[in-house]
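Student: Please take me through one part of this structure closely: the strands and the loops between them. I would like to finish at the ligand.

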Amino acid sequence: MPFRPDLRWSDVTPEALFLNRRQIIAGAAAAMVATPALARNKWSVDQTPNTFEEITGYNNFYEFGWGKEDPVTYAGALTTDPWSIEIGGMVDKPGRYDLADVTKGQTIEERIYRFRCVEAWSMVVPWHGFELAGLLNRVGVQSGAKFVAFETLLRPEEMPGQRDGSFPWPYVEGLRLDEAMHPLTILATGLYDRPMPNQNGAPIRLVVPWKYGFKSIKSIVKITLTDQMPPTTWNILQPQEYGFYANVNPEVDHPRWSQASERPIGGGLFGGRVDTLMFNGYGEHVAALYAGQDLAADY
Ligand code: MTE
């Protein structure tokens with residue numbers, strides 16, 4: 001896959017194509033005060049990102065309901081300021097870190113990543129974020145730690161989906177430590193030069209581009225270093241269908257549908273399905289993490 005270190009979304013997309021007039025007007029004031037100085041990087045893909053409307057209008061965020069438009073409809077009610085993350089377990093500096101403290105000293109970069117949902121749709125998203133490794137190094141991972149567990153906010157008053165008692169709230173996810181320390185793994189705080197929209201996981205969410213989208217947990221309030229493989233929401237719900245690893249893999253089908261191809265969102269009239277790539281196209285960077293592992297067994 002071609003990676004373009006010098007590429008930003010503004011180089012590949014005329015603004016009029018991704019922002020409609022209403023959003024340009026709404027965004028104009030913010031744009032005048034903040035032109036973020038973003039570091040460029042070697043991890044972005046050379047693909048035109050989806051529009052702002054597509055990325056923020058078609059979401060999975062079950063805390064706000066099961067429909068793809070429930071998050072954009074209901075997530076506005078979520079209070080994201082103040083926000084803090086409790087970092088604990090096998091770390092040298094456990095504690096409750098305010099969001100400003102979490103991002104302190106980290107280099108916020110634009111990362112144009114492919115994003116592949118396990119439901120077989122995909123997008124390309126220009127995230128803003130920083131490497132999770134930067135935060136983990138700052139809090140000091142103790143020897144013996146093997147996994148990182150993440151937890152989303154539990155707040156049923158503002159998240160109507162959480163009033164559904166059949167779901168094991170809060171949403172939880174996890175990574176093996178080497179996956180968490182990989183430079184592709186980011187904590188994202190925005191997209192398209194804007195703070196993270198609520199429906200996309202404000203104010204801070206995980207993005208792991210070589211794994212199915214459900215690994216990329218939103219609105220994180222807790223990070224725990226542990227020596228045990230942590231429970232993960234979809235694995236708890238349907239262990240035969242969703243594993244801990246959840247690497248994008250066209251050769252291992254979901255029990256109820258094929259993973260060999262995907263439907264790019266916004267493909268339009270002539271946009272058909274495209275082949276799904278092993279590790280979502282990031283194999284040259286991450287395949288070595290799984291050397292010797294049977295990825296059909298470790299799905
Ligand atoms: N995180 C939380 N807390 N709750 C969720 O329902 N959905 C996951 C993931 N993170 C989810 C979540 C799934 S299934 C996907 S595909 C992605 O978020 C969707 O991210 P997006 O809406 O920004 O495209």
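Tutor: Start with Ala120, in the loop between strand E3 (109-116) and E4. Keep in mind that this is a predicted model. Ala120 is not a glycine, yet its phi is positive, about 75 degrees. Is Ala120 buried or exposed? Its relative accessibility is 6%, so Ala120 counts as buried; the cut-off for buried is under 20%.

Now step into strand E4, residues 121-131. Which strand does E4 join? E4 runs parallel to strand E11 (residues 261-264), and 2 bridges link them. Look for Trp121, which stands opposite Arg263 in E11. E11 also pairs with strand E12 (residues 274-275). That pairing is antiparallel and has 2 bridges. Here Ser261 has Asp275 in E12 as its bridge partner. Both senses of pairing fit a general rule. Strands of a sheet pair through backbone hydrogen bonds, either parallel or antiparallel.

Go back along the chain from E11. The loop between H9 and E11 holds Ala246. Ala246 is another residue other than glycine with a positive phi, near 55 degrees. With 4% relative accessibility, Ala246 counts as buried. Helix H9 itself spans residues 233-237 and includes Asn235. Asn235 has a relative accessibility of 27%, so it counts as partly exposed. Its C-alpha atom is 10.0 Å from that of Val172, although their positions lie 63 residues apart along the chain.

Val172 takes us to another sheet. It is open and has 5 strands, in the order E2-E1-E10-E5-E6, with mixed pairing. Which strands stand at the edges? They are strand E2 (95-98) and strand E6 (172-176). Each has a single partner strand, so one side of each has no neighbour in the sheet. From one strand to the next, the twist averages 20 degrees.

Focus on the E6 edge. Strand E5 (residues 147-152) and E6 run antiparallel, joined by 5 bridges. Phe150 stands opposite Glu173 in E6. E6 lacks a neighbour on one side in the sheet. Is E6 open or enclosed, then? 5 of its 5 residues are buried, so E6 is largely enclosed by the rest of the structure. Check both faces. Val172, Gly174 and Arg176 point one way from E6. Glu173 and Leu175 point the other way. All of them are buried.

Helix H8 covers residues 177-180 and contains Glu179. Glu179 has 0% relative accessibility, so it counts as buried. Its C-alpha is 8.8 Å from that of Phe147, and the two residues are 32 apart in sequence.

What lies in the loop between E5 and E6? Gln162 has its place there. Gln162 counts as buried, because its relative accessibility is 8%. Follow its side chain. It reaches the backbone oxygen of Leu153 at 3.0 Å. The Gln162 side chain also reaches the backbone nitrogen of Arg155 at 2.6 Å. Pro170 is in the loop between E5 and E6 too. The peptide bond between Trp169 and Pro170 is cis, with omega about 0 degrees.

Another cis peptide bond joins Asp81 and Pro82, where omega is about 5 degrees. Pro82 is in the loop between helix H5 (70-74) and strand E1 (84-89).

Now the ligand. How many residues are around it? There are 17, and Asn59, Tyr62, Glu63, Thr152 and Lys218 come nearest. By class, the shell has 8 nonpolar, 6 polar and 3 charged residues. Look at some contacts made by oxygen atoms of the ligand. One pair has a distance of 2.8 Å to an N or O atom in the Asn59 side chain. In another, the distance to a polar backbone atom of Tyr62 is 2.8 Å. An N or O atom in the side chain of Asn200 is 3.1 Å from a ligand oxygen. How much of the ligand is buried? Taken alone, the ligand exposes 530 Å², and the protein buries 98% of that.

Note on methods. Residues numbered from 1 in each chain as written. Predicted model: local features only at pLDDT ≥ 70, side-chain atom pairs only at ≥ 80, totals over all residues. Heavy atoms only, no water. Near = heavy atom within 4 Å. Polar contact = N/O pair within 3.5 Å; in protein donor to acceptor, adjacent residues only side chain to side chain. Areas by Shrake-Rupley, 256 points an atom, 1.4 Å probe, with all protein chains shown as cover. Nonpolar A, V, L, I, M, F, W, Y, C, P; charged D, E, K, R; others polar. Pairing = 2+ DSSP bridges. Helix = DSSP H or I, 4+ residues; strand = E, 2+ residues; numbered from the N terminus. Axes fitted to C-alpha atoms, helices over the stretch in contact; angles between N-to-C directions. Buried < 20%, exposed > 50% of the residue type's maximum accessible area, 1.4 Å probe, protein only.
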